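Biologist: Please take a close look at one part of this model, the packing of a helix pair. Then set its surroundings out briefly, pockets and sheet included.

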Amino acid sequence: MSDLAAGAVAAAALAAAEWAGLPADTVMVDRRLASFWFGWSFLPLGWTAPPDRDPLSGDYRAADGWIRLHCNAPHHRAAALAVLGTPPERDAVAGAVRRHTADALEASVVAAGGCAAAMRSMQTWSQHPQGIAVREEPLVWLARTGSGPAPARPDPVRPLAGVRVLDLTRVFAGPACTRALAGLGADVLRIDPPNWQEPGNEPEMTLGKRCARLDARDPNARALLQSLLQQADIFVHGYRPGALAGLGLGEAERDRLRPGLVDILLDAYGWTGPWAGRRGFDSLVQMSSGIAAEGMRQTGADRPVPLPVQALDHAAGWIMAAAALRGLAERAAGASWRARTSLARVAALLAPSLRRGERGGALGRPAPADYADAVETTVWGPLRRLRSPFQIAGAGLQWDLPAGRLGSAPARWRD
């Protein structure tokens with residue numbers, strides 16, 4: 001897994017160097033720090049980080065195997081409880097899950113608008129229609145979509161200074177991408193719906209960003225969102241296929257509103273096949289794609305054994321950042337750029353090494369020297385952040401803003 005971390009970080013760093021006009025041999029990646037950035041990047045000083053998951057989220061034994069329920073979002077939690085017909089108590093949920101087969105319960109929860117994944121082996125996934133479809137997709141699908149104005153050439157130290165990034169992503173993968181872009185100097189504006197909450201992820205994934213809220217179902221808010229897009233250079237989003245069209249931001253509309261846009265798309269289970277557009281998260285894709293089952297088999301455990309970190313999310317985030325930076329280079333040559341990847345495709349990239357037993361152990365704890373000396377002052381309390389996992393000509397990631405709460409900023413670009 002350290003190879004995946006180092007490779008994904010290096011892809012972004014090399015793309016940043018290219019955009020800054022610097023040779024590849026000015027890039028240095030610290031494998032150890034890259035691996036730590038796939039976990040938690042901050043060390044609280046005198047306070048405790050909020051919990052990062054709902055108590056009902058987790059793995060449950062079904063009648064014929066295992067299933068994972070993802071209940072962090074209130075509507076996903078409600079969907080699972082409605083299907084199971086239980087109160088929000090873990091023992092009651094566990095008892096109800098045991099009365100269902102894993103595949104049937106997965107299908108019912110997904111049909112109800114929830115998120116669940118039955119545990120499958122790598123062999124089963126390789127023969128599943130979605131596993132076959134994802135394996136045939138490129139790791140990153142790229143397309144030139146038109147032409148647009150060329151951005152100014154960058155400052156090598158802050159190569160994304162003056163670049164505006166509109167972020168409509170959640171949880172880890174997309175936010176990891178935009179966190180990296182912010183660390184290179186971009187003005188990142190994250191937009192969330194009015195009631196969306198991620199208290200456990202905020203100290204990690206809002207670093208360097210301003211975070212606003214808009215209800216895109218409201219015509220005035222939708223018009224404002226379109227106006228923000230018209231002024232953006234990079235658009236990063238994790239909406240399921242077709243969902244943005246319902247907000248007046250389909251592909252054709254995006255191309256019309258912002259010629260030259262660098263458009264970066266993410267989904268969970270891939271862009272083709274019967275599960276294209278299915279809701280999903282890293283932990284669910286690890287269950288579906290055989291990663292958790294392979295860990296269980298290799299360790300002899302009696303329950304699913306996923307990777308020690310959300311590696312699919314983090315790798316996808318750095319890969320998306322690389323695609324965004326490469327898109328800026330294409331835009332400088334006069335072309336618009338659209339790129340997309342998925343968590344399931346990253347899982348397919350990782351699968352061969354996992355079959356060879358190259359899982360990697362627990363990351364352990366970073367040493368004090370792995371953290372930057374500066375103290376980051378946040379609304380939760382002071383913290384120290386891991387040092388940059390790469391350097392380009394001696395300069396690494398640096399953020400102008402501390403992590404903050406969702407919805408704490410107005411929905412507008414900096415002057």
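Modeller: Angles under 35 degrees between axes count as roughly parallel. This is a predicted model. Helix α13 (residues 291-299) and helix α15 (residues 343-355) have axes that cross at roughly 10°. α13 and α15 are therefore roughly parallel to each other. Their axes come within 11 Å. On the α13 side, the contact is made by I291, E294 and Q298. On the α15 side, A347, L354 and R355 make it. By class, the contact has three nonpolar, one polar and two charged residues.

Now the pockets. The largest has a volume of about 1100 Å³. Its lining has 38 residues, and H75, R170, P193, W196 and Y239 are the closest to its centre. Helix α3 gives the largest share of that lining, three residues. By class, the lining divides into 19 nonpolar, nine polar and 10 charged residues.

The second largest pocket has a volume of about 430 Å³. It is lined by 24 residues. D52, R53, S283, V309 and Q310 lie nearest its centre. Helix α12 (residues 282-288) gives the largest share of this lining, four residues. The classes here are 10 nonpolar, nine polar and five charged.

Last, the sheet. Three strands form an open sheet in the order β2-β14-β13, with antiparallel pairing. β2 (42-44) and β13 (376-377) stand at the edges with a single partner strand each, so one side of each is left without a neighbour in the sheet. Two bridges join β13 to β14 (residues 382-385). E376 stands opposite L383 in β14.

Technical notes:
Residues are numbered from 1 along each chain as its sequence is written. This is a predicted model: local features need pLDDT of at least 70, side-chain atom pairs count only at pLDDT 80 or more; totals for chains, interfaces and linings use all residues. Side-chain values use heavy atoms; hydrogens and water are left out. Axes are lines fitted to C-alpha atoms, for helices over the stretch in contact, and angles run from 0 to 180 degrees between N-to-C directions. Angles under 35 degrees count as roughly parallel, over 145 as roughly antiparallel, 65 to 115 as roughly perpendicular and the rest as oblique. Contact means heavy atoms within 4.5 Å. Ala, Val, Leu, Ile, Met, Phe, Trp, Tyr, Cys and Pro count as nonpolar, Asp, Glu, Lys and Arg as charged, and the others, Gly among them, as polar. Two strands pair if DSSP finds at least two bridges between them. On a 1 Å grid over the protein atoms alone, a cavity is a set of points where a 1.4 Å probe fits but cannot get out, and a pocket is an open set with protein on both sides within 12 Å along at least five of seven lines; lining residues have an atom within 4 Å of a point. Grid points are joined across faces, edges and corners, and a volume is the space filled by probe spheres set on the points.
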